[in-house]
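Work through the exercises below with the sequence and the structure side by side. Each task is followed by a solution that goes step by step.

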Amino acid sequence: MGRLTTHILDASKGQPGSDIKIELYRVEDGEKTTLINTVYTNADGRTDAPVLEGDDYVPGKYQLVFHTGTYLRKQGVELLEPAFLDDVVIRFGLAAGQEHYHVPLLISPYSYSTYRGS
């Protein structure tokens, strides 16, 4: 059975991004989004369970929204309003036949990066 996982690393501090809200949406008909799941990262910057798995894991286009601005403010980072990266949105596809997708996020107040991990 397939699954989607993620984790967040605060690259500016070299530590996991904890207690960050993450929303997963399915993207259909070009731009219509449907909320599938809402999770929070734990002290290790990971979610306690996969973000997507089981019968909900179907091929298609998805979108993860990482609410990083709230986290950065809690860390004492002074952000301009509106913040440059208040929410980081990553759109990606899940292809048929792939069992595990891992989408990590490395953040700082003014940049982010991601990749398909393992």
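**Exercise 1. Determine which residues His67 touches, and whether His67 is buried or exposed.**

Step 1. Leaving out residues up to four places away in sequence, His67 touches Ile20, Lys21, Glu23, Asp86 and Asp87, where contact means heavy atoms within 4.5 Å. The model is a predicted one, in which local features need pLDDT of at least 70 and side-chain atom pairs count only at pLDDT 80 or more, while totals for chains, interfaces and linings use all residues. Residues are numbered from 1 along each chain as its sequence is written, and side-chain values use heavy atoms, with hydrogens and water left out.

Step 2. His67 is located in the loop between E7 and helix H1 (68-74); helices (H or I, at least four residues) and strands (E, at least two) are DSSP runs, numbered from the N terminus.

Step 3. His67 counts as buried because its relative accessibility is 18%, given that buried means under 20% relative accessible area, exposed over 50% and partly exposed in between, with a 1.4 Å probe and protein chains only.

Step 4. The side chain of His67 is joined to that of Glu23 by a polar contact of 3.0 Å. Such a contact is a pair of N or O atoms within 3.5 Å; within protein, one must be able to donate a hydrogen and the other to accept it, and residues adjacent in sequence count only if both atoms are side-chain atoms.

**Exercise 2. Find the salt-bridge partner of Glu23, and then examine the salt bridges of Lys74 and Arg73.**

Step 1. Glu23 and Lys21 meet through their side chains in a salt bridge of 3.6 Å, N to O, the term standing for a side-chain nitrogen of Lys or Arg within 4 Å of a carboxyl oxygen of Asp or Glu. Glu23 is buried because its relative accessibility is 12%, whereas Lys21, at 27%, counts as partly exposed.

Step 2. The whole structure holds 6 salt bridges. One of them joins Lys74 to Asp19, with the closest N and O atoms 3.2 Å apart. This pair links distant parts of the chain, since Lys74 belongs to helix H1 and Asp19 to the loop between strand E3 (15-16) and strand E4 (21-28), 55 residues apart. Lys74 is exposed, with a relative accessible area of 54%, and Asp19 is partly exposed, with 43%.

Step 3. Arg73 forms a salt bridge with Glu81, in which the closest N and O atoms are 3.0 Å apart. Through salt bridges that share partners, Arg73, Glu81 and Asp86 are joined into one network.

**Exercise 3. Describe where Thr41 lies and what its side chain reaches.**

Step 1. Thr41 is placed in the loop between strand E5 (32-40) and strand E6 (52-53), and it counts as buried because its relative accessibility is 6%.

Step 2. The side chain of Thr41 reaches the backbone oxygen of Gly17 at 2.8 Å. Apart from neighbours within four places in sequence, the contacts of Thr41 include Asp19, Ile20 and Arg46.

**Exercise 4. State which residues UniProt places in the feature "binding site", and describe the surroundings of His7 and Tyr115.**

Step 1. An unreviewed UniProt entry places this feature at His7, Arg46 and Tyr115; the positions are given in the numbering used here, feature names are shortened, and annotations may be inferred rather than shown by experiment.

Step 2. His7 is found in the loop between strand E1 (3-5) and strand E2 (8-10), and its 15% relative accessibility is why it counts as buried. Among the residues in contact with His7, neighbours within four places in sequence set aside, are Arg46 and His102, and a polar contact of 2.8 Å joins the side chains of His7 and His102.

Step 3. Tyr115 is found in the segment after strand E11 (111-114) and counts as partly exposed at 47% relative accessibility. With neighbours within four places in sequence set aside, Tyr115 is in contact with His102, Val103, Pro104 and Leu106.

**Exercise 5. Work out the order of the strands in the open sheet, and identify its edge strands.**

Step 1. The open sheet is formed by 4 strands in the order E3-E2-E10-E11, with mixed pairing; two strands pair if DSSP finds at least two bridges between them. The edge strands are E3 and E11, each of which pairs on one side only.

Step 2. E2 and E3 pair in the antiparallel sense over 2 bridges, and Leu9 stands opposite Pro16 in E3.
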